[in-house]
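Please open the model in your viewer and keep the sequence panel beside it. The tour below goes from one selection to the next and says what is found at each stop.

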Amino acid sequence: MKRTPIDVFEYASQILEPLPRGILLNTAADGKMDTMTIGWGSLGEDWGKKVFTVLVRESRYTKNLIEKNPEFTLSIPVKGSDVKSIIALCGTKSGRDIDKFEACNLTVVPGHEVSTPAIAELPLTIECKIIYKQDQDPEAIQERFKSGYYPNGDWHTAYTGEIVAAYLLEEDED
Ligand SMILES: Cc1cc2nc3c(=O)[nH]c(=O)nc-3n(C[C@H](O)[C@H](O)[C@H](O)COP(=O)(O)O)c2cc1C
């Protein structure tokens with residue numbers, strides 16, 4: 001696979017437009033990998049670094065892995081790719097119970113600057129090293145979001161990753 005570098009701010013719309021329908025957050029630790037669908041996140045600039053912040057609930061297996069290894073990769077579909085069934089499975093099944101890479105027949109590609117993987121079928125890839133994390137403070141969340149989103153107190157932790165590589169995965173020519 002070939003990696004063609006991209007500027008994340010020039011690709012902002014290609015990164016953020018698919019986000020509400022779901023992109024993949026890949027993590028790895030202790031010889032295990034996982035991927036889960038995320039629909040929330042922010043691309044921006046903190047401490048003079050390009051960053052992407054993801055929000056992961058306490059109950060996710062992803063939380064276990066990201067806490068052990070503070071790196072993650074985002075895999076984003078490009079126009080024309082049909083990833084509906086991948087996004088659905090990775091957003092409903094847990095890596096505690098199944099290997100989602102195998103279940104979705106995903107082509108795992110090693111990360112370039114990080115130890116978490118990229119995925120050929122969702123070729124727009126962002127690699128991040130976590131520079132800040134914060135558990136959500138339930139008291140600071142507006143009342144209108146509290147009951148709807150957190151009936152069981154399954155709060156989010158925000159992980160801000162410095163973007164250390166961003167590229168499009170493409171097939172080698174020969
Ligand atoms: C469209 C969509 C968006 C989602 N966004 C998030 C999210 O931003 N944060 C989160 O913690 N879970 C989110 N989820 C739920 C997780 O993807 C789901 O619970 C998954 O099974 C967790 O996998 P894991 O236990 O292997 O980490 C989303 C699910 C869907 C279908």
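**Around the ligand**

Begin with the ligand and select Thr 37, where a backbone N or O atom lies 2.8 Å from an oxygen atom of the ligand; a polar contact here is a pair of N or O atoms within 3.5 Å, and within protein one atom must be able to donate a hydrogen and the other to accept it, while residues adjacent in sequence count only if both atoms are side-chain atoms. Before going further, note that this is a predicted model, in which local features need pLDDT of at least 70 and side-chain atom pairs count only at pLDDT 80 or more, whereas totals for chains, interfaces and linings use all residues. Residues are numbered from 1 along each chain as its sequence is written, and side-chain values use heavy atoms, with hydrogens and water left out.

Add Tyr 61 to the selection, since a polar backbone atom of Tyr 61 is 3.0 Å from an oxygen atom of the ligand, and then Trp 40, where the distance from a polar backbone atom to a ligand oxygen is 3.5 Å. Of the 650 Å² of accessible area that the ligand has on its own, the protein covers 82% (areas by the Shrake-Rupley method with a 1.4 Å probe; for residues, only the protein chains shown count as cover).

Which elements give two or more residues to the shell around the ligand? They are β3 (32-38), β5 (49-57) and α2 (61-68), where helices (H or I, at least four residues) and strands (E, at least two) are DSSP runs numbered from the N terminus. The largest share, 4 residues, comes from β3. If you now show the whole shell, 20 residues surround the ligand, and the closest are Asp 34, Thr 37, Thr 62, Ser 94 and Gly 95; a residue belongs here if one of its heavy atoms lies within 4 Å of the molecule. Coloured by class, the shell has 7 nonpolar, 7 polar and 6 charged residues (Ala, Val, Leu, Ile, Met, Phe, Trp, Tyr, Cys and Pro count as nonpolar, Asp, Glu, Lys and Arg as charged, and the others, Gly among them, as polar).

**Helix α2 and its neighbours**

Next select Thr 62, which is found in helix α2. Is Thr 62 buried or exposed? At 1% relative accessibility, Thr 62 counts as buried, where buried means under 20% relative accessible area, exposed over 50%, and partly exposed in between (1.4 Å probe, protein chains only). Not counting residues up to four places away in sequence, Thr 62 touches Leu 25, Thr 27, Asp 34, Met 36 and Val 56, a contact being heavy atoms within 4.5 Å. Extend the selection to the buried residues of α2, namely Tyr 61, Thr 62, Lys 63, Leu 65 and Ile 66; these pack against β2 (23-29), β3, β5, β6, β9 (124-135) and β10 (156-170).

**Lys 100**

Move to Lys 100, which lies in helix α4 (residues 100-103) and counts as buried at 3% relative accessibility. A polar atom of its side chain lies 2.8 Å from the backbone oxygen of Thr 35, and the side chain of Lys 100 also reaches the backbone oxygen of Cys 90 at 3.3 Å. Leaving aside neighbours within four places in sequence, the contacts of Lys 100 include Asp 34, Ser 94 and Gly 95.

**Paired strands**

Now show the strands as ribbons and follow β9, which pairs with β6 in the antiparallel sense over 6 bridges and with β10, again antiparallel, over 11 bridges; two strands pair if DSSP finds at least two bridges between them. Ile 126 in β9 stands opposite Leu 74, and Ile 126 also stands opposite Ala 166 in β10. Elsewhere, strand β4 (residues 41-46) runs antiparallel to β5 and is joined to it by 6 bridges, with Thr 53 in β5 as the bridge partner of Ser 42.

**Two loop residues with positive phi**

Most residues other than glycine have a negative phi. Select Trp 47 in the loop between β4 and β5, where phi is positive at about 50° although the residue is not a glycine; at 60% relative accessibility, Trp 47 counts as exposed. Finish at Asp 30, in the loop between β2 and β3, where phi is also positive, near 50°, and where the residue is exposed, with a relative accessible area of 63%.
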